[in-house]
Protein chains: 2
Amino acid sequence: MEKPSRKERERKRRREYIIDAAEDVISKEGFDNATMDEIAQKAEVAKGTLYLHFKSKAMVYLAVCERGSSKLNAELAKVITENITGLKMIERLGHTYLKFVLAHPHYFQAFNYYEGLMNDQSTYSSELVTRCRENAQEAMRYIVRALQIGMQDQSIVDRYKPEELGAIIWGASKGIINMAFLNQKGVDHGPMKEAEFELESLIENFIQLISAALLKSK
Amino acid sequence: MEKPSRKERERKRRREYIIDAAEDVISKEGFDNATMDEIAQKAEVAKGTLYLHFKSKAMVYLAVCERGSSKLNAELAKVITENITGLKMIERLGHTYLKFVLAHPHYFQAFNYYEGLMNDQSTYSSELVTRCRENAQEAMRYIVRALQIGMQDQSIVDRYKPEELGAIIWGASKGIINMAFLNQKGVDHGPMKEAEFELESLIENFIQLISAALLKSK
DNA sequence: CTACTTTATGACTACGAGTCAATTTTTGAA
DNA sequence: TTCAAAAATTGACTCGTAGTCATAAAGTAG
């Protein structure tokens with residue numbers, strides 16, 4: 001009989017719709033000011049229904065994080081299939097990431113939310129946390145893959161362990177983009193008031209710097 | 001007459017004591033779970049008194065951030081006075097930063113809190129926000145200074161603008177340390193489960209990578 | 001149609017941030 | 001030393017929001 005399956009799909013659809021609503025509210029109100037009541041209203045369900053699908057507000061936010069990181073991974077995956085050198089791939093991954101967070105700033109906030117949660121109470125474990133973590137691991141694996149390709153095709157020095165280098169590049173990219181984001185908010189926020197660096201130029205130079213360090217000079 | 005000054009000092013002392021209490025509570029309960037009531041109790045004042053010194057919970061947290069960044073800057077400043085090459089200074093700054101956040105994880109969380117605030121509502125402005133921002137700028141300026149020294153003493157290539165490079169190194173360092181922190185929480189958290197990278201080794205390699213990119217090879 | 005199960009609802013509770021009228025302490029003039 | 005005005009302190013209170021749960025509605029099947 002198809003009924004359990006149909007019901008399951010129905011449930012999934014409703015869940016996705018709630019996440020849509022959450023994204024709307026978050027984008028409009030900001031992460032801190034969004035309320036469960038608002039999200040419920042936007043999703044056209046009662047608050048109680050929200051809690052049938054998500055155990056807590058944090059879980060809703062993590063669902064947004066999961067969706068965002070899945071979307072990001074889909075774009076990163078595309079880069080890996082391109083027929084270019086490993087070094088060029090690293091550059092392309094950086095640009096793809098940058099473009100993604102510029103296009104979807106609320107996902108970037110969701111990523112930060114996830115990390116904040118993990119930092120605060122490691123006592124968090126759930127299906128969603130696991131999936132967010134796995135997505136982050138996957139993103140990093142694309143970088144590692146590009147590094148391996150680059151070491152193979154001789155475009156990248158093989159002095160480093162790709163896994164460790166991948167972690168470094170991933171972390172550093174997030175840090176730089178985070179900082180650059182701060183600078184966009186308000187005229188003179190962020191630590192770089194005096195110099196008017198553009199987010200793009202900053203990332204551009206970072207990629208260049210990494211390339212310089214990775215370049216097989218010979 | 002000394003009275004207004006004495007009163008002022010008295011007030012300052014009380015304020016510092018409240019920040020002490022906030023740090024205690026934050027360290028024990030975590031940033032999210034800390035409550036104003038707890039902080040008040042720890043500081044041995046009524047909640048109302050807390051609000052005479054700080055306009056909101058956010059301001060208490062920003063005060064912690066400001067104190068932390070001031071302490072960090074004091075340590076970074078010491079490095080700048082050492083009689084070493086600019087390149088070596090960059091390494092030493094990185095290690096100093098790492099040591100600091102390991103010793104005071106709650107300050108690191110406070111830094112992240114500040115950045116989260118700035119990301120969420122740019123509509124925040126106050127004496128404290130300004131000071132936190134200035135402290136962040138100061139930290140970055142130490143890096144820039146080291147880069148300039150390095151370019152002077154020929155230990156660092158002068159291909160890049162020191163200000164921009166400084167921003168990159170500062171942002172990247174924060175990102176890497178943040179990620180490495182995640183990994184410490186719980187056995188298999190963070191995006192680097194499979195490989196057991198140590199925070200230290202990660203930063204070590206990052207510094208090496210930067211050095212490789214900066215090294216004046218000739 | 002009916003009895004039973006599943007899903008949805010929103011009034012309600014719990015809790016913590018922030019307020020403020022009342023109280024205590026400090027100050028300084030007489 | 002006294003006393004009244006000013007300043008500092010208090011904690012009971014309000015208010016908003018996360019999360020709950022008894023009740024109602026919708027769905028299912030015999």
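**A salt-bridge tour**

Start by selecting A:Arg13, a partly exposed residue with a relative accessible area of 47%. Keep in mind as you go that this is a predicted model.

Now add A:Glu10 to your selection. Its side chain meets that of A:Arg13 in a salt bridge, 3.2 Å from N to O. Why are these two about one helical turn apart? Because they sit three residues from each other in helix α1 of chain A, which covers residues 3–29. A:Glu10 is partly exposed too, with a relative accessible area of 40%.

Next, stay in chain A and pick A:Glu82 and A:Arg92. This is another salt bridge, with the closest N and O atoms 2.6 Å apart. The pair links distant parts of the chain, ten residues apart: A:Glu82 lies in the loop between α4 (57–81) and α5 (86–103), while A:Arg92 belongs to helix α5. Buried or exposed, or in between? A:Glu82 is partly exposed at 27% relative accessibility, and A:Arg92 is partly exposed at 31%.

Hop over to chain B and select B:Glu127 with B:Arg131. Their side chains form a salt bridge of 2.7 Å, N to O. Both are in helix α7 (residues 127–152) of chain B, and since they are four residues apart, about one helical turn separates them. B:Glu127 counts as exposed at 55% relative accessibility, whereas B:Arg131 is partly exposed at 26%.

For a last stop, go back to chain A and select A:Glu16, A:Asp20, A:Glu23 and A:Arg67. Salt bridges with shared partners join these four into one network.

Want to keep exploring? Over all chains, the whole structure holds 23 salt bridges.

Technical notes
Residues numbered from 1 in each chain as written. Chains lettered and ligands numbered in written order. Predicted model: local features only at pLDDT ≥ 70, side-chain atom pairs only at ≥ 80, totals over all residues. Heavy atoms only, no water. Buried < 20%, exposed > 50% of the residue type's maximum accessible area, 1.4 Å probe, protein only.
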